[in-house]
Amino acid sequence: MEIDRVDQIIDKHHGEASSLLQILLDIQSENNWLPREVLGRVSEKLDVPLNQIQHIATFYKAFSLVPKGRHQVHICVGTACHVRGATRILDTVEDAIGIKPGETDLDLKFSLETVNCLGCCALGPVVEVNGKVHGKMSPVKTSEVLKIYE
Amino acid sequence: MKEIQFEIDGNQVTATEGMTLLETAQSAGIFIPTLCHHEKLEPFGACRLCIVEVEANGRTKLVVSCVYLSEENIIVRTRSEKIDRIRKTIIELLMAHAPDSPKLQDLAKEYGADKDRYEKEASFCIHCGLCVRYCAEVTKKNAIGFVDRGIHKEISFIPEIAAKECNDCKECFPLCPTSYLQAAFVLTEALAFPATSKSESKE
Ligand code: SF4
Ligand code: FES
Ligand code: FES
């Protein structure tokens with residue numbers, strides 16, 4: 001990510017330390033992750049020590065300090081999805097893209113996470129890719145869905 | 001400033017407004033055990049060891065004395081069967097992380113805590129925050145911070161800052177109750193700036 005762009009985002013929030021979270025969220029959503037130089041720049045411009053920024057960036061799951069894939073795969077392992085076979089869905093996905101929850105594949109194509117209930121249990125087991133919900137999944141259907149994404 | 005009168009362990013004590021129970025007790029020479037308290041630092045309330053009983057209007061409650069402000073006419077008990085039991089459990093839990101900490105061993109002796117009561121999870125740091133807070137509040141270098149949260153919470157040096165500041169400071173080292181801080185520093189040094197420390201030792 002260009003430092004100029006980071007500065008623009010910071011300026012949009014008037015360079016105020018109280019907007020730190022919002023600034024980090026903006027960078028995260030634009031860049032998919034928070035590189036260390038970027039955090040350093042934010043620290044410098046807002047005059048907030050890097051150790052505090054690091055604490056915040058590691059505290060919230062919304063932030064990532066490592067590169068994320070182009071597609072975010074969230075597998076629901078909440079109770080309802082679990083009893084409907086979420087474990088098998090998760091296994092299928094792990095095998096298909098070769099990564100575990102919390103990881104990103106080498107081509108930066110997919111990042112995998114598990115979540116605990118997406119709020120649509122009637123559709124379980126549920127897989128969400130880039131915010132789009134795929135319901136009533138089976139291992140076969142899951143493999144089909146993954147193929148849609150490039 | 002307004003004076004506040006109350007009772008700790010049967011002694012009449014006087015506090016000025018804004019003083020915590022712990023500060024008042026200390027000024028009256030009454031001992032309350034602490035792990036995360038430091039007089040130069042803002043109250044943090046992390047270890048809960050300084051827990052005491054407060055009786056007000058006929059009701060008794062448990063409060064953490066290093067963050068609880070003195071109040072008129074309350075009755076504070078720094079030791080009771082209940083308090084001792086709670087402190088014993090806290091010590092036992094912390095010892096699952098740092099069984100060899102001399103500070104915890106002394107406390108264990110005092111409260112009859114069994115270091116093997118809980119399964120060991122030797123993470124060594126007990127999250128007292130003394131190092132992090134000292135570096136932020138007193139030396140104002142911010143070379144060390146917490147990362148992550150809950151059971152994954154850890155201390156972490158910022159290598160860029162640590163490389164410049166820590167070798168000439170190390171004021172936080174004696175504060176750590178478990179020596180994990182020193183270990184984390186050596187590790188950071190070895191990974192991030194081994195050259196600086198080598199030239200240092202040659203001088
Ligand atoms: S490293 Fe030591 S001083 Fe720092 S938080 Fe952990 S136990 Fe406390
Ligand atoms: S448990 Fe999966 S959506 Fe509720
Ligand atoms: S000394 Fe009060 S909570 Fe640690």
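This passage describes the surroundings of ligand 1 and the interface of chain A and chain B in a predicted model.

We can begin with the ligand. Ligand 1 takes up the space of the second largest cavity. Around ligand 1 lie residues of chain B, among them the run C125(B), I126(B), H127(B), C128(B) and G129(B), followed by C131(B) and I155(B). The shell also includes C176(B), P177(B), T178(B), Y180(B) and L181(B). Sorted by class, nine of the residues in this shell are nonpolar and three are polar, while charged residues are absent.

Turning to the interface, chain A brings ten residues to the contact and chain B brings eleven. About 960 Å² of area is buried between the two chains, and carbon and sulfur atoms account for 51% of that area. Polar interactions also cross this interface: six residue pairs are in polar contact, with both partners at pLDDT 80 or more. One salt bridge is found between chain A and chain B. In this salt bridge, the side chain of R36(A) meets that of E160(B), with an N to O distance of 3.2 Å.

Key. Residues numbered from 1 in each chain as written. Chains lettered and ligands numbered in written order. Predicted model: local features only at pLDDT ≥ 70, side-chain atom pairs only at ≥ 80, totals over all residues. Heavy atoms only, no water. Near = heavy atom within 4 Å. 1 Å grid on protein atoms, 1.4 Å probe; cavity = no way out; pocket = protein on both sides within 12 Å on 5 of 7 lines; lining within 4 Å. Sits in = over half its atoms within 2 Å of the grid points. Nonpolar A, V, L, I, M, F, W, Y, C, P; charged D, E, K, R; others polar. Contact = heavy atoms within 4.5 Å. Buried area = accessible area lost by both parts, 1.4 Å probe. Salt bridge = Lys/Arg side-chain N within 4 Å of Asp/Glu carboxyl O. Polar contact = N/O pair within 3.5 Å; in protein donor to acceptor, adjacent residues only side chain to side chain.
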